[in-house]
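Welcome, and please have your viewer ready. We will go from one selection to the next, with a short note on what is there at each stop.

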Amino acid sequence: MKRRNQSSVAEFIQAGFSNFPALQEQLFGVFLVVYLATLMGNAIIIVIISLEQSLHVPMYLFLLNLSVVDVSFSAVIMPQMLVVLSTEKTSISFVSCFAQMYFLLLFGGTECFLLGAMAYDRFAAICHPLSYPMLMNKRVFMKLVMFSWVSGVIVATVQTTWVFSFPFCGPNKLNHLFCETPPVLELACADTFLFEIYAFTGTILIVMVPFLLILLSYIRILFAILKMPSTTGRQKAFSTCASHLTSVTLFYGTASMTYLQPKSGYSPETKKLMSLAYTLLTPLLNPLIYTLRNSEMKRALMKFWRRKVDMHTF
C-alpha cells in the first residue's frame, strides 16, 4: 500500500444490487437469514466436534477447520453487504477494501488446501485402512492444517499487496458486491497485464492443483470401493465421500468460474451471482451437507441435544 498517497481515491462506491432498487428490502431479508443460518450451522459443528471426544479424529477435525473458514468467509462479506442493502451508505474505505480482499483471499486459499487435505484423509482411510494410523497421525494432520492456513496467508499477502500497490485515480465505482480482486483491478490506473498473468497462474496453482489431487484421490477411492466385497462397506465408504465431493464441486466450480475467466466472459450481474455462490452458499450448505449425510455427526448432535434438554429439565 506504499503508493496510496499517489492515488486520489480514498474510498470505493459499491454498486451492489443498485440495478434492482425495488428488491433491496427483500434481498436484505434473504441475506440476513442466510448469514444467521450460516453462523448457527457452522457454530453447531464447531461446538459439537470440540466437545465430543469420539469426533477428535482427523476427518472431523478437518471439518472443524472448514467450519471456522466458512464462518470467517461470511463475517468478512455479509455485515458490509447488509449495510449497503439497508442504508444509503454504499462506500467502503480504501483500507477496509484492502482488509476485505485480504481476508477473502486468506480464507479462500485456506479452504482450497483444506478440501485437498480432506481428500487425502479419505484416500488414506479407504485405500490404505491398515496403514491409516501411520499415514494420518497427529503430526501429519497438524502439518496439513498448518500448511493450509499458512498457504492462505501467503496468497492473501502477496496478491492483496500487489493489487493495492497500483494507483487508483478514478473512477471509484466498484461494480460488485465486495472487494474481490477482478473488479478492484478494473479500477486501477495502470497497466495490470503482468499482474493478471501472475494472478491467472497463481489461481491455477492454488485452485486447480488441489482440485487435481482431489480428483486423483477419488479415482483411486472409487476403484477401492468397487473392489469391496461387502455392500454395506461400499455404501458406508460412498456416504463418507459424498459429502466432501458435494462441497468440493460447489466451491471449486463457482470459484474457478470467477477467477479463471476472461475479462469479458460474463456480465457484471452474472459475476456477482457466481461470487455469492462460493462465498455465501458454500458456507451455508456445508453444515447441512456434512451433518445430514453423516451418521456419526447426527448421533453426536442428538447426544448434545439430549444433554442440553436434561440440563434444562433438572
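In what order do the three strands form the open sheet? The order is E2-E1-E3, and the pairing is mixed. Two strands count as paired here if DSSP finds at least two bridges between them.

Before going further, a word on ground rules: this is a predicted model, in which local features need pLDDT of at least 70 and side-chain atom pairs count only at pLDDT 80 or more, while totals for chains, interfaces and linings use all residues. Residues are numbered from 1 along each chain as its sequence is written, and side-chain values use heavy atoms, with hydrogens and water left out.

**The whole chain**

Colour by secondary structure to begin. You should find 10 helices and three strands; these are DSSP runs numbered from the N terminus, with helices (H or I) of at least four residues and strands (E) of at least two. Reading from the N terminus, the order of elements is β-α-α-β-α-α-α-β-α-α-α-α-α.

Now colour by accessibility. Of the 314 residues in the chain, 48% are buried. Buried means under 20% relative accessible area, exposed means over 50%, and partly exposed lies in between, using a 1.4 Å probe and protein chains only. Among contacts with a separation of 6 or more, 78% are between residues 24 or more positions apart; a contact means heavy atoms within 4.5 Å.

**The sheet and the helix across it**

Select E2 (91–93) and E3, the edge strands, each of which pairs on one side only. Add E1, which pairs with E2 in the antiparallel sense over three bridges. As background, strands of a sheet pair through backbone hydrogen bonds, either parallel or antiparallel. For a close-up, show Ile13, which stands opposite Ser91 in E2.

Next, bring in H3. This helix lies across E1 and E2 and runs at about 85° to E2. The angle is taken between N-to-C directions on a scale from 0 to 180 degrees, with axes as lines fitted to C-alpha atoms, for helices over the stretch in contact.

**Aromatic pairs**

Show the rings of Phe, Tyr and Trp (its six-membered ring); two of them pair if their centres lie within 6.5 Å, and planes under 30 degrees apart count as stacked, over 60 as edge-to-face and the rest as tilted. The structure holds 14 such aromatic pairs. Start with Phe12 and Phe94: their ring centres are 5.9 Å apart and their planes at 20°, so this pair is stacked. Phe12 belongs to strand E1 (residues 11–14) and Phe94 to helix H3, so the pair ties together parts 82 residues apart in sequence. Both Phe12 and Phe94 are buried.

Move on to Phe98 and Phe164, an edge-to-face pair with 5.3 Å centre to centre and 65° between the planes. Phe98 sits in helix H3 and Phe164 in the loop between H5 and E3, 66 residues apart. Phe98 is buried at 17% relative accessible area, and Phe164 is buried at 0%. Select Phe168 as well, and you have a cluster in which ring pairs link Phe12, Phe94, Phe98, Phe164 and Phe168.

**The disulfides**

How many disulfides does the structure hold? There are two, where a disulfide is a pair of cysteine sulfur atoms within 2.5 Å.

Zoom in on Cys97 and Cys179, whose sulfur atoms are 2.0 Å apart. The link is left-handed, with -120° about the S-S bond. Cys97 is in helix H3 (residues 94–127) and Cys179 in the loop between strand E3 (173–174) and helix H6 (181–185), so the pair ties together parts 82 residues apart in sequence. Are these cysteines buried or exposed? Cys97 is buried at 0% relative accessibility, and Cys179 is buried at 0% as well.

The other stop is Cys169 and Cys189, joined with an S to S distance of 2.1 Å. The torsion about their S-S bond is about -120°, so this disulfide is left-handed. Cys169 lies in the loop between helix H5 (138–163) and E3, and Cys189 in the loop between H6 and helix H7 (193–226), so the pair ties together parts 20 residues apart in sequence. Cys169 is partly exposed at 45%, and Cys189 is partly exposed at 28%. Counting bonded cysteines along the chain, the pattern is 1-3, 2-4.
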